[in-house]
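Hi,

Here's the structure I promised to pass on. Have a look at it first, and then read on for what turned up.

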Amino acid sequence: MREAAGQGPEVQQLRGGLSALGLELVLDFINTSCLARLEREEEPPVLEELIEAASYLQVTPLLHLLLSQVRLANCLELHNLAQIYGLQDLQDACLNFMADNYYQVLRRPEAQPQLLLPYVLRQQLLERRMKGTAALVAIGNFVGPSSLGWFSPEDSPCSMLRYNEVLQRWLPLPNNLPSDLVNVRGYGSAVLDNYLFLVGGYRITSQEIAAAHCYNPCLNEWSQMASMNQKRSNFKLLAVSGKLYAIGGQSLSNVECYNPEHDWWNFVTSLPTPLAEFSACECKGKIYVMGGYTTRDRNLNILQYCPTSDNWTNFELCDIHIRKQQMLSVEETIYIVGGCIHELSKNKKSSQNEDMLTVQSYNTATREWLYLKENTSKSGLNLTCTLHNDGIYILTRDVTSSTSLEHRVFLKYNIFSDSWESLRHFPTFGQNMLVCSMYLPNTIEV
């Protein structure tokens with residue numbers, strides 16, 4: 001500091017790059033041990049002056065306190081300042097906060113153009129969202145603890161479970177479905193950016209809905225998103241290239257696309273015709289739709305949708321008819337699980353017993369079908385399945401089970417060895433079940 005002589009009050013001019021405001025903020029902290037001015041929204045931005053002064057004067061307690069001051073309104077600016085001043089702990093705190101609240105950060109209405117997320121930062125945040133443990137999560141209307149003793153008697157009924165692969169048992173997840181989702185059926189589900197979306201469906205009163213909810217495992221929180229423009233149920237919801245696509249539904253051919261960055265839905269090109277009991281999945285950035293029924297006949301076309309051109313094409317004509325399948329993809333191969341299959345070739349007859357668990361594969365590059373191993377003792381209808389690690393994990397039932405409250409069996413189909421593995425019985429009765437694979441934070445034991 002240098003004293004400037006002159007008439008009137010003495011003026012202290014700061015040298016060395018520090019601002020008077022920055023020094024004042026640091027002195028306030030030293031005197032009060034808090035950052036009161038940061039919490040007053042009416043104050044002008046002071047972060048740069050504060051961090052500059054605290055870094056220059058090496059006020060470590062103040063810099064440490066900033067780790068707990070990361071908010072949606074300041075996370076981007078704090079991250080940029082942490083990079084400039086080499087504050088690695090603060091930078092990590094900002095990255096963790098932005099990863100945990102990824103969609104909210106993308107949507108910040110007050111964000112200035114210079115603070116928008118660049119592509120490299122987005123990839124960093126998405127990688128951090130996947131830093132936990134990949135785990136199977138089950139959702140459903142579960143009816144209390146089972147007699148198998150996997151839950152303790154004091155456990156209350158829950159609607160979310162996680163699978164511990166080491167213990168080989170399902171454990172309650174410390175959260176439940178939002179109350180307005182408990183009795184919704186026929187919804188679409190998809191995992192995008194490690195968020196689980198449950199969209200649309202119908203209530204037990206048969207009233208279709210357009211509402212959309214998502215579960216964020218990083219925060220163990222549910223939140224409501226923008227509703228679809230069209231109420232729909234028994235449709236397919238797919239994640240493709242950072243967006244969601246809601247395809248068809250009861251007597252519907254229209255398709256909607258959801259952009260999580262803007263939290264809105266818009267219509268894209270419709271299916272060529274309405275379909276019922278069809279199957280669909282994403283494969284190599286495109287959508288494939290198979291089977292089901294048109295308003296007049298069986299659908300034997302494999303339809304392909306390209307999001308870039310917003311166009312549907314007839315990809316291939318099948319010589320089999322499939323319906324009610326679940327479809328998943330690995331690289332260019334689509335796996336078709338369960339459902340009903342009818343051979344249309346004159347030399348082949350369809351099986352009299354449609355209710356068996358089968359797996360087929362279809363290679364979108366070679367257009368080759370393969371019939372994989374069957375499991376005749378398990379049902380292929382009304383199942384739920386997901387890709388996880390090296391296999392397809394399936395919740396289904398024994399073919400002899402016909403109760404309204406179905407007791408599910410838990411299976412794994414290994415896609416590399418074409419083999420089945422029977423896992424332990426699902427621990428509770430229930431309906432309307434869904435199984436998916438997500439990354440859970442390591443703070444939740446899996």
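Leaving aside its neighbours within four places in sequence, which residues is Leu 90 in contact with? Keep in mind that this is a predicted model. The residues touching Leu 90 are Ile 51, Leu 66, Leu 67, Val 70, Leu 78 and Ala 82.

That's a good way into the core. The largest nonpolar core has 53 residues, and Leu 90 is listed with Leu 62, Met 98, Phe 197, Leu 237 and Trp 265 as the ones that touch the most other members. Helix 5 (residues 88-100) gives this core its largest share, with six residues. There's also a second, separate core of 18 residues, with Val 137, Leu 173, Tyr 187 and Met 438 among them. If you're wondering about the general pattern, nonpolar side chains tend to be buried together in soluble globular proteins.

Now for helix 4, which covers residues 75-84. Its buried residues are Cys 75, Leu 76, Leu 78, His 79, Leu 81 and Ala 82. You've already met two of these, since Leu 78 and Ala 82 are in contact with Leu 90. What do the buried residues of helix 4 pack against? They pack against helix 2 (47-57), helix 5, helix 6 (102-106) and helix 7 (119-129). Just after helix 4 comes Gly 86, with a positive phi of about 65 degrees.

Next, the cysteines. How many disulfides does a search of the whole structure find? Zero. Take Cys 75: the closest cysteine sulfur is in Cys 94, and at 6.9 Å that is too far for a bond. For comparison, a pair of sulfur atoms has to lie within 2.5 Å to be called a disulfide. Cys 94 is in no disulfide either, with the sulfur of Cys 75 as its nearest cysteine sulfur. Cys 75 is buried, at 0% relative accessibility, and Cys 94 is buried too, with a relative accessible area of 0%.

Last, the empty spaces. There are two cavities of 30 Å³ or more, and the second largest holds about 40 Å³ of space. Its lining is made up of Ile 139, Gly 140, Asn 141, Leu 177, Leu 181, Val 184, Tyr 187, Leu 198 and Asn 432. Strand 3 (residues 133-142) gives the most to that lining, with three residues. Sorted by type, the lining has six nonpolar residues, three polar and no charged. You may recognise Tyr 187, which lines this cavity and also belongs to the second core.

Cheers

Note on methods
Residues numbered from 1 in each chain as written. Predicted model: local features only at pLDDT ≥ 70, side-chain atom pairs only at ≥ 80, totals over all residues. Heavy atoms only, no water. 1 Å grid on protein atoms, 1.4 Å probe; cavity = no way out; pocket = protein on both sides within 12 Å on 5 of 7 lines; lining within 4 Å. Points joined across faces, edges and corners; volume = space filled by probe spheres on them. Helix = DSSP H or I, 4+ residues; strand = E, 2+ residues; numbered from the N terminus. Nonpolar A, V, L, I, M, F, W, Y, C, P; charged D, E, K, R; others polar. Core = buried A, V, L, I, M, F, W, Y, C linked by side-chain atoms within 4.5 Å. Buried < 20%, exposed > 50% of the residue type's maximum accessible area, 1.4 Å probe, protein only. Contact = heavy atoms within 4.5 Å.
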